[in-house]
Amino acid sequence: MEKKTFKKVVLAYSGGLDTSIIISWLKENYGCEVIAVAADVGQGAGELDGLDEKAAKTGASKYICVDCKPEFVKDFCFEAVKANALYEGKYMLGTSLARPIIAKKLVDIALEEGADAICHGCTGKGNDQVRFELAIKAFAPDMPIIAPWREWDIKSREEEIEYAEARKIPLKINRETNYSKDKNLWHLSHEGLDLEDPANEPKYDEILEMGVSPEKAPDVPTYITLTFEKGVAVALNGEKLEPVEMLAKLNEIGGANGVGIADMVENRLVGMKSRGVYETPGGTILYAAHQNLEEITVDKETQHFKQQVSLKLADNIYNGQWYTPLTEALLAFVDKTQENVNGDVKLKLYKGNIVGAGVTSPDTLHDLQTASFDEDDDYDQYDAKGFITLYGLPIKVKAKLDQKKKK
């Protein structure tokens with residue numbers, strides 16, 4: 001089969017190991033112009049500094065950095081909070097939430113620059129290849145996609161390093177500290193090396209970057225109060241904050257108190273199980289506070305059904321299905337449930353733990369008089385007799401039938 005030729009390729013560029021060598025590989029194998037596009041999703045200046053110079057030195061014709069932080073936090077991270085979307089009970093979808101917006105920006109730039117292909121550095125064993133490519137198809141269905149890991153002869157990260165060294169491509173890593181990481185304003189993930197074996201305890205003192213281990217957290221608790229409007233955190237300790245600033249401050253506070261560390265073996269979309277360690281300090285605080293507030297502002301039937309929606313939405317986000325009719329419909333349902341999720345949530349943070357310290361809302365469904373053990377005007381305890389009689393009728397009928405069969 002004859003290999004396609006491309007004149008101009010837009011590359012999702014992070015400056016990490018994979019994309020550092022892909023520029024050279026694309027030029028060697030396709031002879032094309034390469035535009036390196038970095039999406040700033042809050043990975044930090046240290047990750048982005050010097051990328052323009054590095055991209056140019058390794059052969060890129062152009063370098064573009066897009067600030068995605070406001071949109072990423074508001075339209076993706078905070079949407080996940082409103083939905084309580086949690087994958088397999090632990091993962092707060094940090095990488096999964098960033099991929100759709102990055103892919104969309106890649107398409108926008110590819111169309112503006114007249115590129116005839118988009119390239120990513122995702123491996124053929126991971127989830128990100130699916131997330132990127134499905135999002136690209138949603139906005140440029142006919143755009144060719146190049147995935148070097150599915151084409152080249154390189155089989156390991158060790159061989160990638162050798163490839164880079166042979167071409168004098170500068171790297172920020174070495175063979176001893178070659179963890180696979182993904183960082184954004186929402187989280188930091190760690191995979192590879194000793195973490196691949198679930199039998200090994202993570203070396204938290206070595207790998208943690210967004211905070212400290214619970215053992216090293218302060219011996220006194222930290223109290224915070226979050227104010228929500230329609231399910232969105234808008235103020236911290238009475239101070240109004242924009243989404244990016246809110247998340248950054250919560251990351252700092254949560255990290256300092258050892259909050260938001262998750263060690264899990266997850267089921268990847270491609271079928272295998274994979275072990276990773278995730279740091280999500282600010283997100284963990286937001287999820288806890290939001291759930292506490294929903295407990296007093298959302299009615300029982302909606303709250304219980306929303307739990308099913310949360311599971312499905314988490315699967316959709318994890319599996320790269322953000323830009324789909326189903327996800328759009330699920331998010332619309334979530335928005336409806338958030339109309340009365342307003343109020344203040346006080347939390348106590350202590351050595352990795354988040355403990356509720358009080359919640360108030362102008363839209364609370366918790367009626368102190370009705371819920372009290374004391375007598376009240378709304379609830380006649382005698383009415384419970386008739387309720388139980390009717391509610392238990394199917395059980396009674398079935399029991400009578402069983403008794404009849406035994407005779």
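Buried means a relative accessible area under 20%, exposed means over 50%, and partly exposed lies in between, using a 1.4 Å probe and protein chains only. These exercises concern a predicted model, in which local features need pLDDT of at least 70 and side-chain atom pairs count only at pLDDT 80 or more, while totals for chains, interfaces and linings use all residues. Residues are numbered from 1 along each chain as its sequence is written, and side-chain values use heavy atoms, with hydrogens and water left out.

**Exercise 1. Two residues with positive phi**

Task: Find where L193 lies and state whether L193 is buried, exposed or partly exposed; then do the same for K230.

Solution.
Step 1. Most residues other than glycine have a negative phi.
Step 2. L193 is not a glycine, yet its phi is positive, at about 50°. Helices (H or I, at least four residues) and strands (E, at least two) are DSSP runs numbered from the N terminus. L193 sits in the loop between β7 (188-191) and α8 (204-207). Its relative accessible area is 37%, so L193 is partly exposed.
Step 3. K230 also has a positive phi, near 50°, and is a residue other than glycine. K230 belongs to the loop between β8 (222-229) and β9 (232-236). With a relative accessible area of 54%, K230 is exposed.

**Exercise 2. An annotated binding site**

Task: Which residues does the UniProt annotation "binding site" cover, and what are T123 and N127 in contact with?

Solution.
Step 1. The annotation, from an unreviewed UniProt entry, covers T123, N127 and D128. UniProt positions are given in the numbering used here, feature names are shortened, and annotations may be inferred rather than shown by experiment.
Step 2. T123 is placed in the loop between β4 (117-119) and α6 (128-139), and N127 is in the loop between β4 and α6.
Step 3. T123 has a relative accessible area of 29% and is therefore partly exposed. N127 counts as buried because its relative accessibility is 6%.
Step 4. Contact means heavy atoms within 4.5 Å. With neighbours within four places in sequence left aside, T123 is in contact with Q129 and W149. With the same exclusion, N127 is in contact with E266, R268, L269, V270 and Y318.

**Exercise 3. The faces of helix α12**

Task: Compare the expected and modelled span of α12, then say where its buried residues lie.

Solution.
Step 1. The expected span of a helix is 1.5 Å times one less than its number of residues. Helix α12 (residues 325-337) has 13 residues, so it should span 18 Å; its end C-alpha atoms are 19 Å apart, which agrees.
Step 2. The buried residues in α12 are T327, L330, L331, V334 and T337. Seen down the axis of α12, these buried residues fall within an arc of 110°, so they line one face of the helix. The arc is that of the directions from the helix axis to the C-beta atoms.
Step 3. The face turned away from the buried side of α12 carries the exposed residues P325, E328 and K336.
Step 4. The buried residues of α12 pack against α4 (69-83) and α11 (300-318).

**Exercise 4. A residue in helix α10**

Task: Is L293 buried or exposed, and which residues does L293 contact?

Solution.
Step 1. L293 is part of helix α10 (residues 281-297).
Step 2. The relative accessible area of L293 is 0%, so this residue is buried.
Step 3. Leaving aside neighbours within four places in sequence, L293 is in contact with F228, V341, N342, G343, V345, V359, T360 and S361.

**Exercise 5. Empty space**

Task: How many cavities of 30 Å³ or more are found, and what lines the largest cavity and the second largest pocket?

Solution.
Step 1. On a 1 Å grid over the protein atoms alone, a cavity is a set of points where a 1.4 Å probe fits but cannot get out; a pocket is an open set with protein on both sides within 12 Å along at least five of seven lines; lining residues have an atom within 4 Å of a point. Grid points are joined across faces, edges and corners, and a volume is the space filled by probe spheres set on the points.
Step 2. The whole structure has two cavities of 30 Å³ or more. The largest cavity holds about 50 Å³ of space.
Step 3. Residues lining the largest cavity include S96, P100, R131 and W322. At least two lining residues come from each of α5 (94-113) and α6.
Step 4. The second largest pocket holds about 270 Å³. Among its lining residues are N84, Y287, Q303 and L311. The largest share of this lining, five residues, comes from α11.
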